[in-house]
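Please look through the model shown below before reading on. The report that follows takes up loops, domains, the ligand shell and helix packing in turn.

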Amino acid sequence: MTVRIGVLGAGFIARYHLAMLASARTPHEVVGIHDPDDAKAQALGRELDLPVLPSEEAVLDAADAVYVCTWTSEHPRLVAAAAAAGRAVFCEKPLAVDLAAARSMLADVRAAGVVHQVGLVLRDAPAMRLLRSLVHEPSSGPVMGVVFRDDQYLPVQGVYASDWRADKARAGAGTLLEHSIHDLDLLEWVIGPITSVTCRTEHQHAIDGIEDMAVVLATFAGGGVATLTSVWHDILARPSLRRIEVLCRDAMITAESDLWGPVRRQRDAGDLDLADDALRDELAARGLRLRNPDDGFLRAVRDGTVAAPGFEVAVRAHELLDACYRSAHAGGVPIDVPPAPDEEEP
Ligand SMILES: NC(=O)c1ccc[n+]([C@@H]2O[C@H](COP(=O)([O-])OP(=O)(O)OC[C@H]3O[C@@H](n4cnc5c(N)ncnc54)[C@H](O)[C@@H]3O)[C@@H](O)[C@H]2O)c1
């Protein structure tokens, strides 16, 4: 079967997925892209030699599976339409501007029985896979503290150049929802279940409803505490950058970037310092497969199997975000979060 793919939205992340699809092995065809900004859709169509379709309905009619790559407030409506049409759906993160809408999207795809996947792509990032493996090595001992810094320039400029990220109605909120949904997901995926959060936010750019600074303190069920600092500044030389330090009882493990490292481990038994090819070799030695998440989605659509990460994973991240915002709105009080659901590893 050749999987027929339709794409809604012709912006930054649509371009990224089309590049990932181009390197996927599973037979597929991009049958069309649509964007109400027709000039943008036409430009992308010309550049990648892809058909541009006149409406959302035309995309749903032509495709077996749909990528929802629009600004966030449009995700729920488009996912509902795709599910109602029986189409598999890959939706970008955040699923929605709030937790209630994210939950109802999960209900929609479940009720329709369609394959679903979310763009929490950092679970497949090589440095994150190695970090997780090192943290869970018994010789590292228990996690004691995590220092997570995520910063980038305010993404209404530079490569993102998107006015909607400064519009609460379309973006929902600022750096914590739009960017650090990845980080909250990673904290649980790398370390373990979170039981409570405390959060403070600031709005130094004075954009209504769009926080540009958030600090989260998260407590893990298995012991240990993390701090996450998420900042949107104006340093154009700093696009999306993450640095994670995990202090375990017997090892200090650091990821200097989320993609190809370096990932470093310091412990009395000897040090590791791995980046690029060396990091790839270490993953292979540990039996950790590198995965193209878009190829994983195609395979799940073709075979009718479960795609990962699915909307359940995104809803859990939205639960954590919701607790963070409630904490921030209450001046930084600790908020308990519901127990994390059990997850099957892909
Ligand atoms: N997974 C990641 O790491 C990652 C990275 C960047 C963006 N994103 C997410 O992807 C989404 C899009 O972000 P972007 O950077 O591509 O934004 P963008 O501004 O570059 O593109 C969004 C496009 O959606 C179009 N659009 C709006 N309503 C539409 C509709 N009903 N049908 C079709 N197109 C429509 C807009 O005209 C615009 O061209 C956001 O939810 C964002 O949070 C995820």
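In which loop is Pro94 found? Pro94 is found in the loop between β4 (88-91) and α5, where helices (H or I, at least four residues) and strands (E, at least two) are DSSP runs, numbered from the N terminus. The model is a predicted one, in which local features need pLDDT of at least 70 and side-chain atom pairs count only at pLDDT 80 or more, whereas totals for chains, interfaces and linings use all residues. Residues are numbered from 1 along each chain as its sequence is written.

**Backbone features in loops**

The peptide bond that runs from Lys93 to Pro94 is cis, with omega near -20°. A cis peptide bond also joins Ala308 and Pro309, with omega about -5°, and Pro309 lies in the loop between α11 (293-303) and α12. Positive phi values in residues other than glycine are found at Ala161 and at Ala206, and the table sets out these two residues.

| Residue | Phi | Loop | C-beta neighbours within 10 Å |
|---|---|---|---|
| Ala161 | near 35° | between β6 (143-153) and α7 (168-171) | 11 other C-beta atoms |
| Ala206 | near 55° | between β7 (194-202) and β8 (213-220) | 7 C-beta neighbours |

With C-beta atoms placed from the backbone, a residue is buried if 20 or more other C-beta atoms lie within 10 Å of its own, exposed if 12 or fewer, and partly exposed in between. Ala161 is therefore exposed, with 11 other C-beta atoms within 10 Å, and Ala206 likewise counts as exposed because it has 7 C-beta neighbours inside 10 Å.

Helix α10 (residues 276-285) is hardly covered, as the count of buried residues among its 10 residues is one. Gly287, which follows α10, has a positive phi near 70°.

**Domains and their contact**

The protein chain is divided into domain 1 (3-121) and domain 2 (122-288 + 309-336), with bounds that come from an automatic or database domain assignment. The C-alpha centres of domain 1 and domain 2 lie 26 Å apart. Across the boundary, 20 residues of domain 1 are in contact with 26 residues of domain 2, two residues being in contact if their C-beta atoms, placed from the backbone, lie within 7 Å. On the side of domain 1 that touches domain 2, α5 (99-112) and β5 (116-118) each supply at least two residues, and the largest share, six residues, comes from α5. By class, that side of domain 1 has 13 nonpolar, four polar and three charged residues; here Ala, Val, Leu, Ile, Met, Phe, Trp, Tyr, Cys and Pro count as nonpolar, Asp, Glu, Lys and Arg as charged, and the others, Gly among them, as polar.

**The shell around the ligand**

The ligand is surrounded by 26 residues, of which the closest are Gly9, Gly11, Phe12, Ile13 and Glu92; a residue is near a molecule or strand if its C-beta atom, placed from the backbone, lies within 6 Å of it. Helix α1 (residues 12-22) gives the largest share of this shell, three residues, and at least three residues are drawn from each of domain 1 and domain 2. Divided by class, the shell has 11 nonpolar, seven polar and eight charged residues.

**Helix packing**

Axes are lines fitted to C-alpha atoms, for helices over the stretch in contact, and angles run from 0 to 180 degrees between N-to-C directions. Angles under 35 degrees count as roughly parallel, over 145 as roughly antiparallel, 65 to 115 as roughly perpendicular and the rest as oblique.

The axes of helix α4 (residues 75-84) and α5 come within 9 Å and cross at roughly 10°, which means that α4 is roughly parallel to α5. Their contact is made by Pro76, Val79, Ala80, Ala83 and Ala84 of α4 and by Ala101, Ser104, Met105, Asp108, Val109 and Ala112 of α5, and these residues divide into nine nonpolar, one polar and one charged.

Helix α6 (residues 126-135) and helix α9 (residues 181-191) pack at an angle of about 40°, with their axes 8 Å apart, so α6 is oblique to α9. Met128, Leu131, Arg132 and Val135 of α6 meet Leu186, Trp189, Val190 and Ile191 of α9 in this contact, which by class has seven nonpolar, no polar and one charged residues.

**Arg316**

Arg316 has its place in helix α12 (residues 311-329) and is buried, with 24 other C-beta atoms within 10 Å. Leaving aside neighbours within four places in sequence, Arg316 is in contact with Ala340 and Pro341.
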